[in-house]
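Q: Please take a close look at the side-chain pairings in this structure. Cover the charged pairs and the rings, then the surroundings.

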Amino acid sequence: KVQFVVLTPHASEVLRRVSIGIRVSDKRIHSVEQWMRSGARMKMEVDRYDASTPLDTSVLEFSAERFPDYYIPRD
């Protein structure tokens, strides 16, 4: 059984809505679907999870300088 959460952005020139499917049994993402204002649609389904896959620390690096127009809270 999959439960869906539909997100509708208040101000987006690109996205019309996003739907996230969550498996009820284990509370993991099943699918993500995006509807664009252009009429295009994109859907991704999760095939499997590798919970203990090591990630290189560079994968999670964030550079605030790349996003000068955004408010980025600091710890």
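A: The answer below takes the charged pairs, then the rings, then the strand and loop sites.

This is a predicted model, in which local features need pLDDT of at least 70 and side-chain atom pairs count only at pLDDT 80 or more, while totals for chains, interfaces and linings use all residues. Residues are numbered from 1 along each chain as its sequence is written, and side-chain values use heavy atoms, leaving out hydrogens and water.

Start with the salt bridges. Side chains of opposite charge can pair when their charged atoms come close. Here the term means a side-chain nitrogen of Lys or Arg within 4 Å of a carboxyl oxygen of Asp or Glu. The whole structure holds four such bridges. Among them is the pair Arg 48 and Asp 50, with N to O at 2.7 Å. Another joins Asp 26 to Arg 23 at 2.9 Å, again N to O. Lys 43 and Glu 45 also pair, with their closest N and O atoms 3.4 Å apart.

How exposed are these partners? Relative accessible area decides: buried is under 20%, exposed is over 50%, and partly exposed lies in between, with a 1.4 Å probe and protein chains only. Arg 48 is exposed at 60%, whereas its partner Asp 50 is partly exposed at 47%. Asp 26 is partly exposed at 35%. Arg 23 is partly exposed too, at 22%. Lys 43 reaches 45% and counts as partly exposed. Glu 45, at 54%, counts as exposed.

Now the rings. A pair of aromatic rings is described by the distance of the centres and the angle of the planes. Rings of Phe, Tyr and Trp (its six-membered ring) pair if their centres lie within 6.5 Å; planes under 30 degrees apart are stacked, over 60 edge-to-face, and the rest tilted. That rule yields two aromatic pairs. Phe 62 and Phe 67 are stacked, because their ring centres are 5.4 Å apart and their planes meet at 5°. Phe 67 also pairs with Tyr 70: the centres are 6.1 Å apart and the planes lie at 80°, so this pair is edge-to-face. Ring pairs thus link Phe 62, Phe 67 and Tyr 70 into a cluster. Phe 62 is exposed at 52%. Phe 67 is partly exposed at 32%. Tyr 70 is exposed at 61%.

Charges also sit over rings. The rule asks for NZ of Lys or CZ of Arg within 6 Å of the ring centre and within 35 degrees of the ring normal. Arg 17 lies over the face of Trp 35, 4.0 Å from the ring centre. Arg 28 does likewise over Tyr 49, at 4.4 Å.

Trp 35 leads on to Ser 19. Contact here means heavy atoms within 4.5 Å. Leaving aside residues up to four places away in sequence, Ser 19 touches Trp 35 along with Phe 4, Val 5, Val 6, Ser 31, Val 32 and Glu 33. Ser 19 sits in strand β2, residues 15-23. Strands are DSSP runs (E, at least two residues), as are helices (H or I, at least four), numbered from the N terminus. Ser 19 is buried, at a relative accessible area of 7%.

Two loop residues come next. Lys 27 belongs to the loop between β2 and β3 (29-36). Its phi is near 60°, a positive value in a residue other than glycine. Most residues other than glycine have a negative phi. Lys 27 is exposed at 66%. Gly 39 is in the loop between β3 and β4. At 60%, Gly 39 is exposed. Gly 39 and Val 18 stand 21 residues apart in sequence and 13 Å apart in space, C-alpha to C-alpha.

Last, the surface. Leu 55, Val 59 and Leu 60 make a nonpolar patch of about 340 Å². Patches take residues with over 30% relative accessible area and no salt bridge; nonpolar side chains (Val, Leu, Ile, Met, Phe, Trp, Tyr) are joined within 5 Å, like charges within 9 Å. Areas come from the Shrake-Rupley method with a 1.4 Å probe; for residues, only the protein chains shown count as cover. Val 59 lies in the segment after β4 (41-45). Val 59 is exposed, at 52%.
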